[in-house]
Amino acid sequence: MSRLIVISNRVSAPTTAQPAAQGGLAVALTAALREAEGIWFGWSGETGETGDLKFETFDGVTSATIDLPEQDVDEYYDGYANRTLWPLFHYRLELTEFEREFQGGYERVNRVFGEVIAPHIEPDDLIWIHDYHMIPLGWVLRQHGLTNRIGFFLHIPWPPTRLLTALPEHRRLVDALFAYDVVGFQTEEWLETFHDYVTHEMGGSLGPDGAITVGARTIRAIACPIGIDAQEFIANASSKEAAATHRRMIESSIGRSLIVGVDRLDYSKGLEERFNGYQRYLETRPDAHANVYMLQIAPPSRDAVQSYRDIRAHLDALSGRINGAFADIDWVPLRYVNQGFPRNVLAGVYRAARVGLVTPLRDGMNLVAKEYVAAQNPDDPGVLILSRFAGAAAQLDSALIVNPYSADDIADSIAKALAMPREERIARWRPMHENIVSEDVIWWRKRFTTALMQQ
Ligand code: GDG
């Protein structure tokens, strides 16, 4: 059996410092690495001289990391990845920064990764590279003479051609994708926008089974939606900790229905628009005040980047205004919490919530939507309100689908969700649950690696 090599910006395999794999992706890839005796390569998250790879084998899985000098972190990670590609690929041209140094740092770090990783690759290893931080890495590895099967999976949206062409050197970035054998996107929609670029900007042609030819090179591009570790999450939801959290939420809500949001603090998640939608609900339904409250969990992320500090300040002010305007002596309409919680606590929160509000402005997939569904009580499930612009909406189409830019649409959907009879809640929840169980993260991993092996 070939070994599996995973390469991503950060490694989330279990280590001595972090003994349990965190999150579905980590769990799925860790299981595959353990079976295939593979290695997970990436940045350690530490700043320092690059030096040699540090290997650690823990619980049957080997991870190998390097440190990066401060300049590389600034230009590659905070710069090109998070100030150029992330906003551009989430359709936020006005937040996108175009600096030549960022691109230089990005390509330099990808070259460094290639140099340090290539000597550890064996001829029949299957290589799977993840996400926008590492787009050129397959090409770099080819320059080192590797002829292995190499796949790339993009976790975020693929932007429309007219947006992507705003990126200086966009063609160079996309050309690099043609070093892979298989390129995976979260949804058919992102795959179609990729096709559009290839046919209009590169003169490429589309063939059967996802084949795409540009010049002499043919690759395969597929839609391969990521799932969650459904069994793990269902078990989480019935754990002791989840039950204790559930009780705590019910007690503290004194009979009011809970609406929950859980997101990294990121402008792509539509938090400001969500708060505005909730505010519209409170303004237009004064009779409902006694019956409802909202909890937004939003652990801060990427706070080295100014646009993230800005969104945080906006949300602080907005949540304060909403509570100032609507709170009563015994009721706070919005609990806004800037910290992370363990996964089984989250599962208990999801289960206690009558409504899951997931309203990103643009999202590759959105795993919170899937986790919310997985955590529900089958006999009395809550209602998922889901943005049409989340990749997850293609699979979870029996959710209440909303336009996240419309405060009225969000407000009306909250009202509809809270009034929804149990039979309708069950009828909407069941097909979503079936999808989450059948197309889980293991299914995703197998689908991608099978495509890669067949190529
Ligand atoms: C990218 C793409 C795509 C959140 N708060 C806490 C916590 N979380 C966990 C959630 C969920 C994960 O973080 C977030 O995943 P998302 O999919 O919602 O979003 P991104 O971080 O933007 O992920 C996205 C994903 O990659 C996978 O391909 O779906 O579109 O943007 O699992 O539960 N976890 C814990 N405490 C928290 O407070 N433990």
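Author: A polar contact is a pair of N or O atoms within 3.5 Å; inside the protein, one must be able to donate a hydrogen and the other to accept it, and sequence-adjacent residues count only through two side-chain atoms. This model is predicted: local features need pLDDT of at least 70, side-chain atom pairs need 80 or more, and totals for chains, interfaces and linings use all residues. Residues are numbered from 1 along each chain as its sequence is written, and side-chain values use heavy atoms, without hydrogens or water.

Reader: How do you know that Phe341 has a polar contact with the ligand?

Author: A backbone N or O atom of Phe341 lies 2.5 Å from a ligand nitrogen. The cut-off is 3.5 Å, so this pair counts. An oxygen atom of the ligand is also 2.9 Å from a polar backbone atom of Asn366. For Leu367, the distance from a polar backbone atom to a ligand oxygen is 2.8 Å.

Reader: How much of the ligand does the protein bury?

Author: Alone, the ligand exposes 730 Å², and the protein buries 83% of that. These areas come from the Shrake-Rupley method with a 1.4 Å probe; for residues, only the protein chains shown count as cover.

Reader: Which elements give two or more residues to the shell around the ligand?

Author: H12 and H13 do. The numbering follows DSSP runs from the N terminus: helices (H or I) have at least four residues, strands (E) at least two. The ligand has 21 residues around it, and His155, Phe341, Asp363, Leu367 and Glu371 come nearest. Here, near means a heavy atom within 4 Å of the molecule or strand.

Reader: Why is Gln296 called buried?

Author: Its relative accessible area is 0%. Buried means under 20%, exposed over 50%, and partly exposed in between (1.4 Å probe, protein chains only). Gln296 therefore counts as buried. Its side chain makes a polar contact of 2.8 Å with the side chain of Arg274. Beyond four places in sequence, Gln296 has contacts (heavy atoms within 4.5 Å) that include Asp263, Phe275 and Tyr336.

Reader: Where is Gln296 found?

Author: Gln296 is in strand E12, residues 292–297.

Reader: What makes E12 and E13 a pair?

Author: Pairing takes at least two DSSP bridges. E12 and E13 share four, in the parallel sense. One bridge joins Ile297 to Val337 of E13. Both strands belong to an open, parallel sheet of six, ordered E13-E12-E11-E14-E15-E16. E13 (334–337) and E16 (400–402) are its edge strands, each pairing on one side only. Neighbouring strands are turned by 20 degrees on average, direction ignored.

Reader: How does helix H12 lie on strand E11?

Author: H12 (343–352) crosses E11 (257–262) and E12, at about 135 degrees to E11. Such angles run from 0 to 180 degrees between N-to-C directions, with axes fitted to C-alpha atoms (for helices, over the stretch in contact). Helix H13 (367–374) also packs on the sheet, and its direction makes about 170 degrees with that of E15.

Reader: Is Arg302 buried or exposed?

Author: Arg302 is buried, because its relative accessibility is 17%. Arg302 sits in the loop between E12 and helix H11 (306–326). Its phi is positive, near 50 degrees, though the residue is not glycine.

Reader: Why is Glu169 called partly exposed?

Author: Its relative accessible area is 45%, so Glu169 falls in the middle class. Glu169 lies in the loop between helices H5 (161–164) and H6 (170–177). It too is a non-glycine residue with a positive phi, about 65 degrees.
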